[in-house]
Amino acid sequence: MPPVPDLVTAAAPAPGSLLSGGPAAAPAADPGAARGAETPPAELDRALSELGDAALGFARMPPREKASLLRALLPGLLAAARPQVEVSCAAAGLDPGSAAAGEAWLAGPCATLAQVRLLAEALEDIAARGRPRLRRGAVRARPDGRVEVDVFPAGLKDAALHGPLRARALMQPGVTRAGVLEAQAPFYRQRDPDGGVALVLGAGGAASVPLRDALHKLFVDGRVVALAASPASAPLGALLERALAPLVSRGLLRFVHVGAEAAAYLAAHPAVAEVHVTGAAAAHDALVWGPPGPRQAGRRASGERLLHKPVTSVLGGVRPVVVMPWLYGRDELWSQVRLLASRVVSSASLGDPAAHVLVLPRGFVQRPLLFRMLHRALAAVPPRRAADPEAEARHAALTAGRPPLARERLEGSADVPLPSGVVRIGEPGPGAPPWTLIAGLSASDPAEPLFSIEPLCGVLSIVEVGSSDPVEFLEAAVRFCNDRLQGTLGASIVAHPISEEDPAVGAALDRALLELRYGVIAVNQAPAAAHALVVPPWGGHPSATLADVQSGLGFVHNTAMLAQVEKTILRAPLTTFARPPSSCDHRRSHVVGERLAACAADPRWGNVARVVAAALRG
């Protein structure tokens, strides 16, 4: 394998990236297996050659035939679901038979099976009527003329499984209602597409994330795919390769396991038409612009790329939770605090549901109650072994030099500014830092590392902005999130529905949803709900550029195949009738997850009822 100038050193592994064996890396069955699992150079070339041979035929394969191919994947993926969960749980030190395994089910097999079935349905729609079906009245113009599209729920079964959760895609300025339909499924509007080979560099906290991006490249963008994963993930790759035999046997998908040098070689290979990166922005920048340092900065400034081919990406970033001032009921606040705590817990293993910065209004009268509830929720969950091998070192670096803070002071009167310091919750273990709250950060500090580093180790930072006036607070919170926080992937807002009945507050919240530069914004829900549903577009805000990539370029999932999306907006109530299975205190989350996987593959009403019954007993 000849070296590729500059790109070899450019792909030095970034913390938490695929190439460092970070959060996506599941342990091998024995330590030697991971060390010997890198795909030999000759096999890399052979894989790309085989993919290239199949690219044109797949690009021009009729949509109905592609739909049949997807449906043929469902039995194998369902059979591999439990082994996949067991491997993911081993990486996180969790008992696969415990409720804690629910997150591995929900983030892994459930979402992948749903994506496969929904893509099959979308392709069947394209074969029958030229584009994926949208619900009647789904495309509408807002009062300001912007167009939005309701993408979830699509029917009664979605509502039965997910309650009042709603998702819509806000289109970019200038898109018309007619234009939405005309631009759907752009690949399938081509007369004789050429196709090509896409390289997907896999990373991320959930094992199925790069696979779902690969499926998007295959069936939405029309590319055959080389899915490159860390050598440490070889056991999981072998599972998925067997499950996806209908794709692998036709030469449409190849799994390869590579380190930094081989990843750079693949990215620069002439057989690869485009590259898709998941994981850390630093890994993306190293591939495109070269290793960190003055030369990389110079290349970025001049636009002198090292990788001269189309690059898309879904990357990490710091994710805020903005709490609007209001007098919430105890059950309402507890419901949102449980969601927040669950996201802190997941941040140590999966990453995608994570919450990193809690943005509170100054003078928020329920601040003491919120922190008492948050401490209670986190104290009930033992700290988990972080999936990122650098989590302990990162935790130590982010907390260094910050004074310890007594819980009582954190829960003190809201009449005084939030004190600065670190609150540690739970007994740490090997590779398992304690849940950590870092309070009293200055919103105007340009050097605060917690505003630019995704912790991946169960850390939640807390900052106060604005005032207890909702309109003033939202304006300050939007400025802080847009101007101070690194990344554009996901943000959350906690808002009481009654507050929106005030025209000024309702208008301020609507402005915030429009102005926040994030690809997914969730009201009273985690942005990762969009990721789990797989129907809504998922990705960073399109204001990013290749030189300032933030949380990535382009959207994935998006089974309605919408073009010119600006962001996804989720809406949920403050409380739900049943405890969500994604909650860290759900007692049967693993049972719900296993049943939901079966339902994702075959959503007959009997399977829906089994999921609901298990969820209600949580």
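Here is a chat between a trainee and a mentor about how the labels on this predicted model are earned.

Trainee: Let's start with the overall fold. What makes this protein as compact as a globular one of its length?

Mentor: First the inventory: the secondary structure comes to 22 helices and 18 strands. The radius of gyration is 23 Å, and the globule rule gives 25 Å for 618 residues; those values are close, so the protein is as compact as a globular protein of that length. Along the principal axes, the C-alpha atoms fill a box of roughly 70 × 50 × 50 Å. And 61% of the 618 residues count as buried.

Trainee: Speaking of buried, why is Asp-213 called that?

Mentor: Buried means under 20% relative accessible area. Asp-213 has 3%, so the label is buried. You'll find Asp-213 in helix α8, residues 209–219. If you want a distance to go with that, its C-alpha atom is 32 Å from that of Leu-378, which is 165 residues away along the chain.

Trainee: Then why is Ser-452 only called partly exposed?

Mentor: Partly exposed is what lies between the 20% and 50% cut-offs. Ser-452 comes in at 43%, so partly exposed it is. Ser-452 sits in the loop between β12 (435–441) and β13. Its C-alpha atom is 7.8 Å from the C-alpha atom of Gly-487, with the two positions 35 residues apart in chain numbering.

Trainee: How do you know which class Pro-41 belongs to?

Mentor: Same recipe. With 36% relative accessibility, Pro-41 counts as partly exposed. Pro-41 is placed in helix α3. The C-alpha atoms of Pro-41 and Val-592 are separated by 42 Å, and the two residues are 551 apart along the chain.

Trainee: On to charges. What makes Asp-194 and Arg-60 a salt bridge?

Mentor: The cut-off is 4 Å from a side-chain nitrogen of Lys or Arg to a carboxyl oxygen of Asp or Glu. The N to O distance for Asp-194 and Arg-60 is 3.4 Å, so by that cut-off the pair qualifies. Asp-194 is in the loop between α7 (177–183) and β4 (197–201), while Arg-60 is in the loop between α3 (41–59) and α4 (63–92), so the bridge ties together parts that are 134 residues apart in sequence.

Trainee: And what are the accessibility classes of Asp-194 and Arg-60?

Mentor: Asp-194 is exposed, because its relative accessible area is 58% and exposed means over 50%. Arg-60 has 41%, so Arg-60 is partly exposed.

Trainee: What makes you say that Arg-82 and Glu-594 tie together parts of the chain?

Mentor: Their side chains meet in a salt bridge at 2.6 Å, N to O. Arg-82 lies in helix α4 and Glu-594 in helix α21 (residues 589–601), so parts that are 512 residues apart in sequence are tied together. Both ends fall in the in-between class: Arg-82 is partly exposed at 39%, and Glu-594 is partly exposed at 33%.

Trainee: Where do the two ends of the Arg-223 and Glu-274 bridge lie?

Mentor: That salt bridge has an N to O distance of 2.9 Å. Arg-223 is in the loop between α8 and β5 (224–229) and Glu-274 is in strand β7 (residues 274–279), so the pair links parts 51 residues apart in sequence. Arg-223 and Glu-274 are both buried.

Trainee: How many salt bridges does a search of the whole structure find?

Mentor: It finds 30. Some join up: Arg-135, Arg-140, Glu-148, Asp-150 and Arg-168 are linked in a network.

Trainee: Last topic, patches. Which residues form the negative one?

Mentor: Asp-469, Glu-472, Glu-475 and Glu-515. A patch member needs over 30% relative accessible area. Asp-469 has 37%, so Asp-469 clears that bar and counts as partly exposed. Asp-469 lies in the loop between β13 (459–465) and α18 (470–484).

Trainee: And which residues make up the nonpolar patch?

Mentor: Trp-326, Leu-327, Val-365 and Ile-498, with about 410 Å² of accessible area together. Take Leu-327: its relative accessible area is 63%, so Leu-327 is exposed. Leu-327 is found in the loop between β9 (320–323) and α14 (330–347).

Methods. Residues are numbered from 1 along each chain as its sequence is written. This is a predicted model: local features need pLDDT of at least 70, side-chain atom pairs count only at pLDDT 80 or more; totals for chains, interfaces and linings use all residues. Side-chain values use heavy atoms; hydrogens and water are left out. Patches are made of residues with over 30% relative accessible area and no salt bridge: like charges are joined within 9 Å, nonpolar side chains (Val, Leu, Ile, Met, Phe, Trp, Tyr) within 5 Å. Accessible areas come from the Shrake-Rupley method with a 1.4 Å probe; for residues, only the protein chains shown count as cover. Lys and Arg count as positive and Asp and Glu as negative; His and the chain ends are not counted. The place of a charge is taken as NZ of Lys, CZ of Arg, CG of Asp or CD of Glu. Helices (H or I, at least four residues) and strands (E, at least two) are DSSP runs, numbered from the N terminus. Buried means under 20% relative accessible area, exposed over 50%, partly exposed in between (1.4 Å probe, protein chains only). The radius of gyration is taken over C-alpha atoms; the globule rule is 2.2 Å times the number of residues to the power 0.38.
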